[in-house]
Amino acid sequence: MTADVWLPIPSDEIEGLPEGPAYRHWDGEETFPADPADCAFYVVPYMKSSAVGVRPLPEMRSVQVVQTLSAGIDHVEPGLKNLPGGVRLCNARGVHEASTAELTLALVLASLRGIPDFVRAQDRGEWLGGFRPALADRTVLIVGYGSIGAAIEDRLVPFEVAPVVRVARSARTTARGPVHPLTELPALLPRADVVILSTPLTEATRGLVDAEFLARMKDGALLVNVARGPVVDTKALLAELESGRLTAALDVTDPEPLPPGHPLWHAPGIVVSPHAGGPTSAFLPRAKRLLVDQLTRFVNREPLRNVILTTGA
């Protein structure tokens with residue numbers, strides 16, 4: 001195979017890549033490393049804007065695979081209309097579970113135990129005592145029970161939470177228990193002390209957390225979003241935060257990045273992290289393993305992993 005493969009990581013830094021393809025390094029720079037028309041396997045640059053990631057797609061007339069290094073694919077979807085039929089779009093399932101689940105747990109604990117208040121009190125030299133809620137014995141509802149949702153539950157269990165309630169697009173059974181369909185969500189929300197969003201952004205989930213969703217959450221509940229900002233109606237969330245009825249911990253926001261002066265920055269009962277779930281020291285080793293596996297399969301004409309859709313299908 002002599003087709004080009006575009007990688008956002010230099011090929012000499014990825015041990016085990018199969019021989020055959022011509023590896024081109026491109027991480028979103030203005031100049032392309034080669035003619036996009038010769039690219040057969042395109043790995044989308046990580047943590048770059050949608051405009052950067054989709055820019056070469058209209059010229060990639062020979063591309064067969066588009067591989068993201070993120071769990072979500074919404075940032076490349078605008079460019080799919082420019083691709084020929086039969087192109088496989090693959091996500092990075094297996095890359096972000098550990099780091100995203102870690103941050104989710106950190107956000108939950110920081111919010112419940114009041115860590116931001118302690119940090120601010122430390123800056124003032126103030127000993128801030130008081131009674132705080134524990135994670136133990138809390139009912140946690142995970143909305144979006146894919147691989148990241150399951151990894152979050154793995155880390156919740158040792159904290160002696162009350163039974164975890166799982167929700168996904170459709171019902172199924174797991175080793176840990178049932179997964180409820182999205183249609184049952186309204187009836188499940190009032191049970192939860194903590195609601196964690198880890199669902200992909202789709203037309204079905206855009207604006208899922210609206211005023212009605214939030215109104216069904218119990219008084220004092222915590223909303224944690226590690227999914228995508230537009231899953232939550234920001235105006236509706238602000239109204240609940242400002243009333244003091246709910247609290248929130250957001251790794252993603254709408255808009256994003258959150259601009260200076262936006263009311264979410266200073267809303268009561270909120271913790272904001274800057275979309276930090278994925279970019280950690282855990283990313284590169286897992287991303288490299290994924291690329292070696294996928295490209296070995298591609299070269300050997302074996303089925304690829306994590307195929308989300310095929311264009312024209």
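**Exercise 1. The cis prolines**

Where does P255 lie? Work that out, then look at the peptide bonds around this part of the chain.

*Solution.* Keep in mind that this is a predicted model.

Step 1: Place the residue. P255 sits in the loop between β12 and β13.

Step 2: Check the bond in front of P255. D254 and P255 are joined by a cis peptide bond, with omega at about 10°.

Step 3: Move along to P257. A cis peptide bond also joins E256 and P257, and omega is about -5° there. P257 is placed in the loop between β12 and β13.

**Exercise 2. The cavity**

Find out how many cavities of 30 Å³ or more the structure holds, then describe the lining of the largest cavity.

*Solution.*

Step 1: Count. There's one cavity of 30 Å³ or more.

Step 2: Size it up. The volume of the largest cavity is about 50 Å³.

Step 3: Walk around the wall. The lining is made of N225, G229, V232, T234, L237, L250, V252, T253, D254 and L264. D254 should ring a bell: this residue shares the cis bond with P255.

Step 4: Sort the lining by class. You get five nonpolar, four polar and one charged residues.

**Exercise 3. The second largest pocket**

Work out which elements give two or more residues to the lining of the second largest pocket, and sort that lining by class.

*Solution.*

Step 1: Start with the volume, which is about 460 Å³ for the second largest pocket.

Step 2: Go to the middle. The pocket has 26 lining residues, and those closest to its centre are S111, L112, T247, G269 and I270.

Step 3: Turn to the elements. Two or more lining residues come from each of α2 (97-113), α3 (115-124), β12 (247-250) and β13 (270-272).

Step 4: Sort by class. The lining divides into 14 nonpolar, five polar and seven charged residues.

**Exercise 4. Aromatic pairs**

Take the pairs W6–F32 and F41–F298. Describe the geometry of each, and say which parts of the chain they bring together.

*Solution.*

Step 1: Get the overall count. The structure holds seven aromatic pairs.

Step 2: Take W6 and F32. Their ring centres are 5.5 Å apart with 50° between the planes, and the pair is tilted. W6 belongs to strand β1 (residues 4-7), while F32 is in the loop between β2 (22-25) and β3 (39-43), so the pair links distant parts of the chain, 26 residues apart. W6 is buried, at a relative accessible area of 0%.

Step 3: Take F41 and F298. This pair is edge-to-face, 5.2 Å centre to centre and with 70° between the planes. Because F41 is in strand β3 and F298 in helix α8 (residues 283-299), the pair ties together parts 257 residues apart in sequence. Both F41 and F298 are buried.

Step 4: Look for a group. W6, W26, F32 and Y42 make up one aromatic cluster.

Step 5: Add a charge over a ring. R166 lies over the face of Y145, 5.9 Å from the ring centre.

**Exercise 5. Positive phi**

Compare H275 and R301: where does each lie, and is each buried or exposed?

*Solution.*

Step 1: Read the angles. H275 has a positive phi, near 50°, and is not a glycine. R301, not a glycine either, has a positive phi of about 55°.

Step 2: Place them. H275 is in the loop between β13 and α8, and R301 is in the loop between α8 and β14 (307-310).

Step 3: Check accessibility. With a relative accessible area of 22%, H275 is partly exposed. R301 counts as exposed because its relative accessibility is 71%, and the cut-off for exposed is over 50%.

**Exercise 6. Two buried residues**

Decide which residue is in contact with both H96 and I148, setting aside neighbours up to four places away in sequence.

*Solution.*

Step 1: Place H96. This residue is in the loop between β5 (88-90) and α2, and is buried at 5% relative accessible area.

Step 2: List the contacts of H96. They are Y46, L69, S70, A71, A101, G278 and F283.

Step 3: Place I148. Helix α4 (residues 147-156) holds I148, which is buried at 15%.

Step 4: List the contacts of I148, namely A71, E97, T100 and S198.

Step 5: Match the lists. A71 appears in both.

Notes. Residues numbered from 1 in each chain as written. Predicted model: local features only at pLDDT ≥ 70, side-chain atom pairs only at ≥ 80, totals over all residues. Heavy atoms only, no water. 1 Å grid on protein atoms, 1.4 Å probe; cavity = no way out; pocket = protein on both sides within 12 Å on 5 of 7 lines; lining within 4 Å. Points joined across faces, edges and corners; volume = space filled by probe spheres on them. Nonpolar A, V, L, I, M, F, W, Y, C, P; charged D, E, K, R; others polar. Helix = DSSP H or I, 4+ residues; strand = E, 2+ residues; numbered from the N terminus. Buried < 20%, exposed > 50% of the residue type's maximum accessible area, 1.4 Å probe, protein only. Contact = heavy atoms within 4.5 Å. Phe/Tyr/Trp six-rings, centres within 6.5 Å; stacked < 30°, edge-to-face > 60°. Lys NZ or Arg CZ within 6 Å of the ring centre and 35° of its normal.
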